[in-house]
Amino acid sequence: MSVGTMIGDLIRSLFKKPVTELYPYVKTEVPSRLRGKLVWDPAQCAGCQLCIKDCPSNAIELIVIDKVNKRFVMRYHADRCTYCAQCVQSCRFKCMGMSSEDWEMAATQKQPFEVYYGKEEDIALFMEQAAKPGTEEPCKE
Ligand code: SF4
Ligand code: SF4
């Protein structure tokens, strides 16, 4: 590129609207089919684990609290997820989805990328068991 062309571009750009956006201060509307954070409905889950087997990034785990009564906790590693939606496709019970609203997940700590889904009491029970010293995660399948 010649110096003349560069100067021409420079002058033209002074009078053009910026193509960049002032994110995060100004947010554009995202497409309704955007694949954001995984969402999971424990009420429909049969515990079949197909979603886990089909996940290419090992990003989801199913913790079984009580198989007979279908009490499960799902641990989602958002930092491993490739947002491919394979798990959503694989679930025959339509328990899974990808949020088009919850997609801003930048963080300076690792902790927000480990997400637990399930009933509050089941998550609390699992956390309590996991916190016991020398205890492996007993109910993880
Ligand atoms: S595929 Fe669906 S029903 Fe099976 S374990 Fe995953 S979320 Fe539950
Ligand atoms: S969206 Fe893809 S990578 Fe993420 S949990 Fe589902 S199957 Fe795994």
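A residue counts as buried under 20% relative accessible area, as exposed over 50%, and as partly exposed in between. The structure described here is a predicted model. Lysine 27, with a relative accessible area of 48%, is therefore partly exposed. Glutamate 104 has a relative accessible area of 37%, so this residue is partly exposed as well.

These two residues form a salt bridge, in which the closest N and O atoms are 3.2 Å apart. The pair joins distant parts of the chain, since glutamate 104 and lysine 27 are 77 residues apart. Glutamate 104 sits in the loop between strand 4 (96–98) and strand 5, and lysine 27 in the loop between helix 1 (3–14) and strand 1 (38–40). The structure contains six salt bridges, and two others are described below.

One of these is formed by the side chains of glutamate 61 and arginine 75, with an N to O distance of 2.9 Å. Glutamate 61 belongs to strand 2 and arginine 75 to strand 3, and the pair links distant parts of the chain, 14 residues apart. Glutamate 61 has a relative accessibility of 12% and therefore counts as buried. Arginine 75, at 7% relative accessibility, counts as buried too.

Another salt bridge is formed by aspartate 122 and arginine 71, whose closest N and O atoms are 2.6 Å apart. This pair also links distant parts of the chain: aspartate 122 is in helix 4 and arginine 71 in strand 3, 51 residues apart. Aspartate 122 counts as buried because its relative accessibility is 1%, whereas arginine 71, at 27%, counts as partly exposed.

Helix 4 comprises the twelve residues 120–131. At 1.5 Å a residue, helix 4 should span 16 Å, and its end C-alpha atoms are 16 Å apart, so the two values agree. Within helix 4, Asp122, Ile123 and Phe126 are buried. They cover an arc of only 100° around the axis, and they therefore lie on the same side of helix 4. Glu120, Glu121, Glu128 and Ala131 are exposed on the other side of helix 4. The buried residues of helix 4 pack against strand 2 (60–66), strand 3 (71–77) and strand 5 (114–117).

Two ligands were examined through the residues around them. Ligand 1 is surrounded by Trp40, Cys45, Ala46, Gly47, Cys48, Gln49, Leu50, Cys51, Cys91, Phe93, Cys95 and Met96. The shell around ligand 1 divides into ten nonpolar residues, two polar residues and no charged residues. Glutamine 49, one of the residues around ligand 1, lies in the loop between strand 1 and helix 2. Phi of glutamine 49 is near 70°, a positive value in a residue other than glycine. With a relative accessibility of 12%, glutamine 49 counts as buried.

The residues around ligand 2 are Cys55, Pro56, Ser57, Ala59, Cys81, Thr82, Tyr83, Cys84, Ala85, Gln86, Cys87 and Met98. In the shell around ligand 2, nine residues are nonpolar, three are polar and none are charged. Alanine 85, which is among the residues around ligand 2, is located in the loop between strand 3 and helix 3 (86–90). Phi of alanine 85 is near 70°, again a positive value in a residue other than glycine. Alanine 85 counts as buried, at 11% relative accessibility. Cysteine 55, also around ligand 2, is found in the loop between helix 2 (50–54) and strand 2. At 16% relative accessibility, cysteine 55 counts as buried. The C-alpha atoms of cysteine 55 and methionine 6 are separated by 48 Å, and the two residues are 49 residues apart along the chain.

A second C-alpha separation involves cysteine 87, a further residue around ligand 2. The C-alpha atoms of cysteine 87 and serine 13 are separated by 45 Å, with their positions 74 residues apart along the chain. Serine 13 is located in helix 1 and, at 42% relative accessibility, counts as partly exposed.

The loop between helix 1 and strand 1 contains lysine 37 and proline 24. A cis peptide bond joins tyrosine 23 to proline 24, with omega about 10°. Lysine 37 counts as buried, at 17% relative accessibility. Residues up to four places away in sequence not being counted, lysine 37 touches Tyr76, Tyr83, Gly97, Met98, Ser99, Asp102, Trp103, Met105, Val115 and Tyr117. Among these contacts, Tyr83 and Met98 also belong to the residues around ligand 2.

Key. Residues are numbered from 1 along each chain as its sequence is written. Chains are lettered from A and ligands numbered from 1 in the order in which they are written. This is a predicted model: local features need pLDDT of at least 70, side-chain atom pairs count only at pLDDT 80 or more; totals for chains, interfaces and linings use all residues. Side-chain values use heavy atoms; hydrogens and water are left out. A residue is near a molecule or strand if one of its heavy atoms lies within 4 Å of it. Ala, Val, Leu, Ile, Met, Phe, Trp, Tyr, Cys and Pro count as nonpolar, Asp, Glu, Lys and Arg as charged, and the others, Gly among them, as polar. Helices (H or I, at least four residues) and strands (E, at least two) are DSSP runs, numbered from the N terminus. The expected span of a helix is 1.5 Å times one less than its number of residues. Buried means under 20% relative accessible area, exposed over 50%, partly exposed in between (1.4 Å probe, protein chains only). The arc is that of the directions from the helix axis to the C-beta atoms. Contact means heavy atoms within 4.5 Å. A salt bridge is a side-chain nitrogen of Lys or Arg within 4 Å of a carboxyl oxygen of Asp or Glu.
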